[in-house]
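Opening the notebook on this one. I want to see how the pieces sit together, one look-up at a time.

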Amino acid sequence: MAIMKKFLSLPTDILNSRGLAYSASGDLCLDGVNLPYLTKYLDSPSWVIGADTFKYRAMQFYQMLETSCPRVNCHFAVKSLDHVAILKILKNIEFGLDIVSSGELSRALHIGFPTHKIVFSGVGKTDSELNFALQSNIAQINIESLGELKRLNKIASQANMVAPIAIRINPDLGYGAYKKITTGNKTDKFGIPWNEILSLWPKITEEMPNIQLKGIAVHGGSQILDEKKFLNFYQRIAQLIKTWQNQGLKIDSLDCGGGFGIPYSFNEEPLNLRKLGKIIHKILSPLNVMLRFEPGRYISGPAGILISRVIEIKQTESQKFLILDAGMNDLLRPALYGAQHEILPLKQKENTPNNKYEVVGPICESSDFFRRNYTLPQLSPGDYIAILDTGAYGSVMSSSYNSHPLSPILLAHNGKWDIIRKRQTIEDILSNETLPDWIS
């Protein structure tokens, strides 16, 4: 049986980009916090977010943008990781936010986030959400349809206000690691077809006095690692903007969306920010408009892990199942998209044989798989593992399915840690449920 070399010989840059390192004694650490030591005080499953790694990646991305274009704003996609502690970190470094619901706006307001740095995206905004955003004086509402535009104009008129907007177009060019996360193709639900803009523009400027038309918003898809795809997408958008400008449309801003991917596999190459910056500088800066970008996953993804404990090793005739106490109720992405996350043992042991495992959770669904035929060092019940790159679309998508309480979230910083969300209890779940009188 092969000896565990995969994990002992991982290049340090692969771990460091995630804030991870193995100590001399073989303990996995995140932002200086010893994770095996942590398990002595906190049961699993548990989320751990590296605040230092998160902040570093945010500042690194913003610095790339500022050196690439003279007029730029950066708005973190709150949907990827929405905890108020994360939003406060972003506020402290003067980041902006991209929100998709009134709930996310409420989180931002709760910590006093500057509303002039908030952009509201999303395809299904209700009247109450539009009014809430308008009354909060946010920077911009990205409009997804003519119906939404008419509703907002009416709401603004009734409030005797002017709503700042950008029209989100569907450029019929989209990318994404999975079909379920493309957003720019004509079959996707997002945006107004690009060829309707010329007829829509005068309707807004001439017939909707309570609308302030600022520009265009786009989004090509998620989890893009190839800089050439951004080149193709930005060239397409720049061509449209130049054509519309030449035809007399006044475009003051361009919201370029997000889509900036991360390497979920140890074998994938990360997005090259230097190359991306050069593309932005060459293609988008000459448009002479205010540029907005909405990174989410790139910043939050590598900053988080999910700690889980091995419940059982189940051997069948053809497979060996590694059964964890974390399941698809915690981390939904593998079941939802077929996404694959790398897994590391919390404790390294030299000269440990490797095994091929079917890594599964405890949920009563056949789709409750994390990895299939995955190589890990030989593990035993009670051992702990870390599922990597779960800072984005991890805890925010978790549920209490099968009546499993929501797992806690810890924030690691400079070798210390704080619980920023307590473990939910079954009593917490039951306290929100009531019995109607006719049953009793």
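I take helices and strands as DSSP runs, numbered from the N terminus, with at least four residues for a helix and at least two for a strand. The model is predicted, so I keep in mind that local features need pLDDT of at least 70.

**Entry: glutamate 94 and asparagine 288**

I looked for odd backbone angles. Glutamate 94 sits in the loop between helix H4 (84-92) and strand S6 (96-99). Its phi is near 65 degrees, a positive value in a residue other than glycine. Buried or exposed, this glutamate 94? Exposed means over 50% relative accessible area, and glutamate 94 has 56%, so it counts as exposed.

Asparagine 288 has a positive phi too, near 60 degrees, and is likewise a residue other than glycine. I found asparagine 288 in the loop between H10 and strand S13 (290-293). With a relative accessible area of 60%, asparagine 288 is exposed.

**Entry: the cis peptide**

Which residues does a cis peptide bond join? I got serine 44 and proline 45, with omega at about -5 degrees. Proline 45 belongs to the loop between helix H2 (35-38) and strand S4 (46-50).

**Entry: strand S9**

Next I went through S9, residues 163-170. How many of the eight residues of S9 are buried? Eight of the eight are, so the strand is largely enclosed by the rest of the structure. In a regular strand the side chains alternate between the two faces of the sheet. I checked the directions here: Ala163, Ile165, Ile167 and Ile169 point one way from S9, while Pro164, Ala166, Arg168 and Asn170 point the other way. Arg168 and Asn170 are buried along with the rest.

Then I listed the pairings of S9:

- S8 (residues 140-143) runs parallel to S9, joined by three bridges.
- S11 (residues 211-217) pairs with S9 in the parallel sense over six bridges, and alanine 163 stands opposite isoleucine 211 there.
- S10 (residues 192-193) pairs with S9 over two bridges, again in the parallel sense, with asparagine 170 opposite proline 193.

For the connection, I noted that S8, helix H7 (residues 146-158) and S9 make a right-handed β-α-β unit.

**Entry: alanine 166**

I zoomed in on one residue of S9, alanine 166. Its relative accessibility is 0%, so it counts as buried. What is the bridge partner of asparagine 142 in S9? It is alanine 166. Alanine 166 and asparagine 142 are 24 residues apart in sequence, yet 4.8 Å apart in space, C-alpha to C-alpha. Leaving out residues up to four places away in sequence, I have alanine 166 touching Gln140, Ile141, Asn142, Ile143, Gly215, Ile216 and Ala217.

**Entry: strand S13**

Back past asparagine 288, I followed the chain into S13. S12 (residues 253-255) runs parallel to S13, and three bridges join them. The bridge partner of leucine 254 in S13 is leucine 291. S5 (residues 72-77) is also parallel to S13 and is joined to it by three bridges; here cysteine 74 has phenylalanine 293 as its partner. S12, H10 and S13 make a right-handed β-α-β unit.

**Entry: H3 against H10**

H10 turned up again, so I looked at its packing. Helix H3 (residues 51-68) and helix H10 (residues 273-284) pack at an angle of about 35 degrees, and their axes are 8 Å apart. The crossing of the two is right-handed. Which residues of H3 meet H10? I have Gln60, Phe61, Met64, Leu65 and Ser68, and on the H10 side Leu273, Leu276, Gly277, Ile280 and His281. The residues of this contact divide into six nonpolar, four polar and no charged.

**Entry: the S1-S2-S3 sheet**

Last look-up: an open sheet of three strands, in the order S1-S2-S3 with antiparallel pairing. Strand S1 (20-22) and strand S3 (33-34) are the edge strands, each pairing on one side only. S2 (residues 28-30) pairs with S3 in the antiparallel sense over two bridges, and I find leucine 30 opposite valine 33 in S3.

Definitions and conventions
Residues are numbered from 1 along each chain as its sequence is written. This is a predicted model: local features need pLDDT of at least 70, side-chain atom pairs count only at pLDDT 80 or more; totals for chains, interfaces and linings use all residues. Side-chain values use heavy atoms; hydrogens and water are left out. Buried means under 20% relative accessible area, exposed over 50%, partly exposed in between (1.4 Å probe, protein chains only). Two strands pair if DSSP finds at least two bridges between them. A crossover is right-handed if, with the strands pointing away from the viewer, the path from the first strand over the helix to the second runs clockwise. Axes are lines fitted to C-alpha atoms, for helices over the stretch in contact, and angles run from 0 to 180 degrees between N-to-C directions. A crossing is left-handed if the near helix is turned anticlockwise from the far one by less than a right angle, and right-handed if clockwise. Contact means heavy atoms within 4.5 Å. Ala, Val, Leu, Ile, Met, Phe, Trp, Tyr, Cys and Pro count as nonpolar, Asp, Glu, Lys and Arg as charged, and the others, Gly among them, as polar.
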